[in-house]
Amino acid sequence: MSTRNNHVVIVGTGFGGLGMAIRLKQAGFHDFTVLEQANGVGGTWRDNHYPGAACDIESHLYSFSFEPNPGWTRTFAPQREILAYLEHCADKYGIRPHIRFDTAATGGAFDERTGLWTVETSRGGPILARAVISATGGLSRPSYPDIPGLSTFAGKTFHSARWDHDYPLEGKTVGVIGTGASAIQIVPSIAPRVGQMHVFQRTPPWILPKADHDISPEEQEWLRRLPVLQRLARLRQYALHELMAFGFVVDPRILAFASQLALKYLKKSVPDRALREKLTPHYTMGCKRILLSNDYHRAIQRPNVELVTEGIAAVTDRGVLTKDGKERPLDALVLATGFHAADAVAPFTVRGRGGRDLNDAWRDGAEAYLGTTVSGFPNLFLIVGPNTGLGHSSMVFMIESQIAYIHGALRALDARHLRLLDVRRDAQERYNQRLQGRLANTVWSSGCSSWYQAKNGRNTTLWPGFTFEFRMRTRRFDPRDYELVPEASA
Ligand code: NAP
């Protein structure tokens with residue numbers, strides 16, 4: 001009997017980690033461990049439970065292709081339904097027995113002699129594995145703003161991704177910093193509850209109406225009886241999102257129509273000219289994420305809500321001081337200030353061939369081959385790695401593409417009795433040169449600042465094309481792009 005170690009470690013239990021684990025199970029491979037630092041599955045959908053949290057991609061599309069859910073109650077499902085869906089997937093496919101909860105991966109070191117990774121964990125000792133799949137998510141590390149005095153604020157402070165539901169907001173004076181995708185869901189949800197709200201806006205976002213509606217029990221029943229209906233709805237949504245990609249990556253001028261739509265919507269929803277001017281974006285639509293909302297403008301016009309655009313000078317022990325010298329006393333401060341997405345930081349300390357640190361390899365910006373493998377770090381795979389993010393469609397589609405590719409690589413490792421496979425440096429460099437060249441002609445390079453870019457301005461997060469292009473590129477694992485070292489060789 002072979003004593004070869006083929007164990008696989010997966011880190012994270014969001015769509016990426018669970019999807020990968022399910023794929024392995026479906027292929028009859030059970031020799032894997034999933035590490036999860038929290039005490040439940042769900043990743044970003046477990047952590048982002050702020051009031052109003054919901055998806056801004058339609059749920060028929062924002063779900064696994066192999067596990068359609070006819071039970072979505074809204075076109076854009078709320079966070080609790082998406083979390084329940086992921087919990088259902090973990091149960092249905094028997095993933096839970098593989099998961100070590102409350103256990104973080106704290107480090108990984110590759111031994112070239114054995115072709116094995118030693119994964120250090122925060123609990124229960126290290127694990128030896130042939131391959132490591134990191135699925136820790138692109139938006140999992142909250143970004144706290146670098147505002148003078150923030151730590152001196154005497155009231156309650158929390159980040160949107162670390163919501164404290166035990167803190168009662170009723171009647172309180174609340175400040176919200178940020179007007180991104182999280183804030184525009186939070187503000188309308190809590191505005192009716194709080195006494196007074198001040199929304200501190202630095203850059204107005206582009207907002208389009210959200211075609212969101214209830215899916216009635218009758219409709220759900222039809223979807224259950226005729227699954228083809230749901231597949232058609234998914235296909236339609238997929239095609240519409242890919243159409244958007246034309247504007248993002250082919251010619252931003254195509255977005256002019258959508259910009260007009262957004263400005264018309266703003267005009268209709270905000271009659272006050274001065275307020276409307278404050279809410280009008282002055283950068284190319286799509287450069288930052290386009291937001292969808294039917295209730296943000298209404299909330300901003302409530303008598304107990306103020307949109308503050310003067311710019312924050314500092315946070316004091318009492319509240320927020322703006323650049324015009326006005327201090328607004330607050331009971332609580334919500335930081336809807338986003339995540340560290342583009343910073344080139346490995347999810348945990350990762351040492352590849354020759355002990356090289358992944359953070360060192362990424363000193364000038366994170367990069368990978370097909371967003372999945374990094375030269376010098378054999379048998380390591382990243383789900384939602386560099387330049388796999390999207391500005392226009394469902395990340396679950398990208399994740400499933402990566403899962404198929406990684407599965408192909410794992411099969412090659414096993415079937416060819418490889419000690420290691422390592423993406424060739426020249427393949428990785430060629431790929432990234434082309435990718436960055438394409439990105440230069442997209443809307444994301446049209447001059448705004450966004451979380452898509454690293455500090456040096458390099459876009460390390462987004463895929464610069466249609467999602468079907470990525471699907472085609474990752475459909476088959478091509479060993480010619482890799483250095484393959486067989487088991488027996490010294
Ligand atoms: P975000 O889009 O990065 O927005 C952060 C907001 O905070 C921006 O308005 C930003 O202003 C502001 N900000 C940051 N630092 C600041 C400072 N020092 N002073 C003043 N304002 C500051 O973060 P997010 O809203 O959490 O969304 C992040 C991503 O998560 C989204 O793009 C999306 O991909 C995902 N998301 C998805 C959903 C969904 O429905 N599926 C919901 C929430 C989030 P500037 O624009 O001026 O930088």
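Which residues line the largest cavity? Pro 205, Trp 206, Ile 207, Ala 262, Leu 263, Leu 266, Leu 279, Pro 281 and His 297 do that job. Keep in mind that you're looking at a predicted model. Besides that cavity, here's a quick tour of the ligand site, the second largest pocket and the disulfide.

**Around the ligand**

- The ligand has 23 residues around it, and the ones that come nearest are Ala 54, Thr 179, Ser 182, Thr 203 and Lys 288.
- Sorted by class, that shell is made up of 11 nonpolar, 8 polar and 4 charged residues.
- Thr 203 reaches in with its side chain: one of its polar atoms there sits 2.5 Å from a ligand oxygen.
- Thr 179 uses its backbone instead, with an N or O atom 2.9 Å from an oxygen atom of the ligand.
- Gln 185 joins in through its side chain, where an N or O atom is 3.3 Å from a ligand oxygen.
- As for cover, the ligand on its own would expose 910 Å², and the protein buries 83% of that.

**The second largest pocket**

- This pocket has a volume of about 970 Å³.
- Its lining counts 36 residues, and if you want to find the centre, look for Glu 58, Phe 76, Leu 240, His 241 and Leu 292, which lie nearest to it.
- Three helices each put at least two residues into the lining: α5 (217-225), α6 (227-250) and α7 (256-269).
- Of the contributors, α6 gives the most, with 10 residues.
- By class, the lining splits into 21 nonpolar, 9 polar and 6 charged residues.

**The cavities**

- The structure holds 3 cavities of 30 Å³ or more.
- The largest cavity comes in at a volume of about 50 Å³.
- Helix α7 supplies the largest share of that cavity's lining, namely 3 residues.
- The lining of the largest cavity is 8 nonpolar residues and 1 polar one, with no charged residues.
- Helix α7 therefore turns up twice in this briefing, as it also supplies at least two residues to the lining of the second largest pocket.

**The disulfide**

- There's 1 disulfide in the structure.
- It links Cys 287 to Cys 448, with the two sulfurs 2.0 Å apart.
- The link between Cys 287 and Cys 448 is left-handed, at -95° about the S-S bond.
- Cys 287 is in the loop between α8 (273-279) and β12 (291-292), while Cys 448 is in the loop between α12 (425-439) and α13 (467-474), so the bond ties together parts that are 161 residues apart in sequence.

How values were computed
Residues numbered from 1 in each chain as written. Predicted model: local features only at pLDDT ≥ 70, side-chain atom pairs only at ≥ 80, totals over all residues. Heavy atoms only, no water. Near = heavy atom within 4 Å. Polar contact = N/O pair within 3.5 Å; in protein donor to acceptor, adjacent residues only side chain to side chain. Areas by Shrake-Rupley, 256 points an atom, 1.4 Å probe, with all protein chains shown as cover. Nonpolar A, V, L, I, M, F, W, Y, C, P; charged D, E, K, R; others polar. 1 Å grid on protein atoms, 1.4 Å probe; cavity = no way out; pocket = protein on both sides within 12 Å on 5 of 7 lines; lining within 4 Å. Points joined across faces, edges and corners; volume = space filled by probe spheres on them. Helix = DSSP H or I, 4+ residues; strand = E, 2+ residues; numbered from the N terminus. Disulfide = S-S within 2.5 Å.
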